[in-house]
Amino acid sequence: MQHLLDFLRKYSHVFLFLFLEVLSLTLLFRYNSYQGSVWFSSVNTAVASIDRWYADALAYLHLGENNAELTQEIVRLQTENELLRKQMQEAQGGTPISDSTMLATLQTYSRIPALVTSNGVGVDNYLVIDRGVLDGIQPEMGVVSGTGIVGIVYLAGPHYSLVMPVTNAKSSISCRIRGQEYFGYLLWDGKNRHEAYVDDIPRYAKVKVGEKIETSGYSAVFPPGLFVGTIRKIENAPDGQSFRLRINLGTDFSRLRHVSVVTTPYKAEIDTLKRTAEQLDSLQTP
């Protein structure tokens with residue numbers, strides 16, 4: 001206690017000065033309208049700046065969560081856009097009857113958010129995501145980002161899964177030209193992670209540079225209409241009977257972080273039918 005009293009006695013003139021300074025400023029701003037308005041405006045500006053810095057800091061801390069939500073929303077909007085486009089074509093009489101099944105299946109797909117924890121390089125590179133069997137992930141499920149398709153689940157563990165991206169030399173995904181229904185297979189030549197190509201496009205197809213490539217929906221892996229990339233060059237395929245389309249991929253694999261795994265309740269049934277057909281073919285083979 002004695003130390004406190006000594007401290008107050010030693011610096012009493014400083015405390016007296018501060019008290020008088022605060023008192024004078026209070027009287028000045030309270031009983032003078034002009035000075036009061038200046039003080040009020042200055043305080044509001046300072047408080048607004050502090051609030052803005054605080055909001056920016058919170059936004060930065062939640063950036064990962066916001067990116068994940070945006071990825072989910074973009075994939076959902078892509079799926080709904082394809083549904084609406086098909087319905088418009090059907091209303092105009094331009095959609096084949098077989099496409100009605102495709103319209104129904106669009107609504108059965110759901111998405112599981114995930115983060116890329118490892119991003120390999122090379123011809124046979126793979127991705128690792130932080131979701132596994134315990135989260136509902138199974139092999140041969142499609143993986144997409146907010147800007148395009150990513151690849152297909154190759155192996156699934158309890159908590160993590162291995163994904164074969166489209167930038168893997170073994171990858172082959174059915175795609176089509178948006179609005180034309182001509183389809184081929186998306187492949188990668190092992191050179192540039194921003195580019196791929198589509199083979200087996202018929203030569204009578206009217207294809208132009210800049211047109212969009214999307215998933216065809218001819219499998220249970222991806223719903224139709226998900227963005228793949230943009231045509232940058234048209235050339236003859238090695239067989240001379242079709243076109244090869246050089247594609248700028250929509251997904252930037254060098255910065256890939258937030259993805260979604262696409263699931264459908266019909267995949268298990270389709271896989272069972274395929275295995276049954278293969279078994280029947282093997283029994284009938286002499």
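Biologist: In strand 5, which residue is the bridge partner of valine 153?
Modeller: In this predicted model, strand 4 covers residues 149-156 and runs antiparallel to strand 5, with five bridges joining the two. A hairpin of four residues leads from strand 4 to strand 5. The bridge partner of valine 153 in strand 5 is valine 163.

Biologist: Which residue of strand 5 is the bridge partner of isoleucine 129?
Modeller: Strand 2, residues 127-129, pairs with strand 5 in the antiparallel sense over three bridges. Strand 5 is also joined to strand 4, by five bridges. For isoleucine 129, the partner in strand 5 is serine 161.

Biologist: Which residue of strand 2 is the bridge partner of valine 116?
Modeller: Strand 1 spans residues 110-119 and runs antiparallel to strand 2, the two being joined by three bridges. Isoleucine 129, which has serine 161 as its partner in strand 5, also takes part here. The strand 2 partner of valine 116 is isoleucine 129.

Biologist: In what order do the six strands close into a barrel?
Modeller: Strand 1 is joined to strand 2, strand 2 pairs with strand 5, and strand 5 is joined to strand 4. The barrel has antiparallel pairing, and from one strand to the next the twist averages 45°. The closed order is 1-2-5-4-3-12.

Biologist: Is strand 5 largely enclosed or not, and how many of its residues are buried?
Modeller: Buried here means under 20% relative accessible area. Strand 5 has five residues, 161-165, and it is largely enclosed by the rest of the structure because the buried ones number four. For the chain as a whole, 36% of the 286 residues count as buried. The number for strand 5 is four of the five.

Biologist: Which strand gives the most to the largest nonpolar core?
Modeller: In soluble globular proteins, nonpolar side chains tend to be buried together. The largest such core here has 40 residues, and those with the most contacts inside it include Ile149, Leu186 and Leu245. Four residues of the core come from the strand that gives the most, residues 242-249, which is strand 11.

Biologist: Which residue of strand 11 does leucine 186 touch?
Modeller: Leucine 186 is among the residues with the most contacts inside the largest core. Leaving out residues up to four places away in sequence, leucine 186 touches Ile149, Val166 and Tyr197, among others. Strand 11 covers residues 242-249, and the residue on the contact list of leucine 186 that falls in this range is Leu249.

Terms used. Residues are numbered from 1 along each chain as its sequence is written. This is a predicted model: local features need pLDDT of at least 70, side-chain atom pairs count only at pLDDT 80 or more; totals for chains, interfaces and linings use all residues. Side-chain values use heavy atoms; hydrogens and water are left out. A nonpolar core is a set of buried Ala, Val, Leu, Ile, Met, Phe, Trp, Tyr and Cys residues joined through side-chain atoms within 4.5 Å. Buried means under 20% relative accessible area, exposed over 50%, partly exposed in between (1.4 Å probe, protein chains only). Contact means heavy atoms within 4.5 Å. Two strands pair if DSSP finds at least two bridges between them. Axes are lines fitted to C-alpha atoms, for helices over the stretch in contact, and angles run from 0 to 180 degrees between N-to-C directions.
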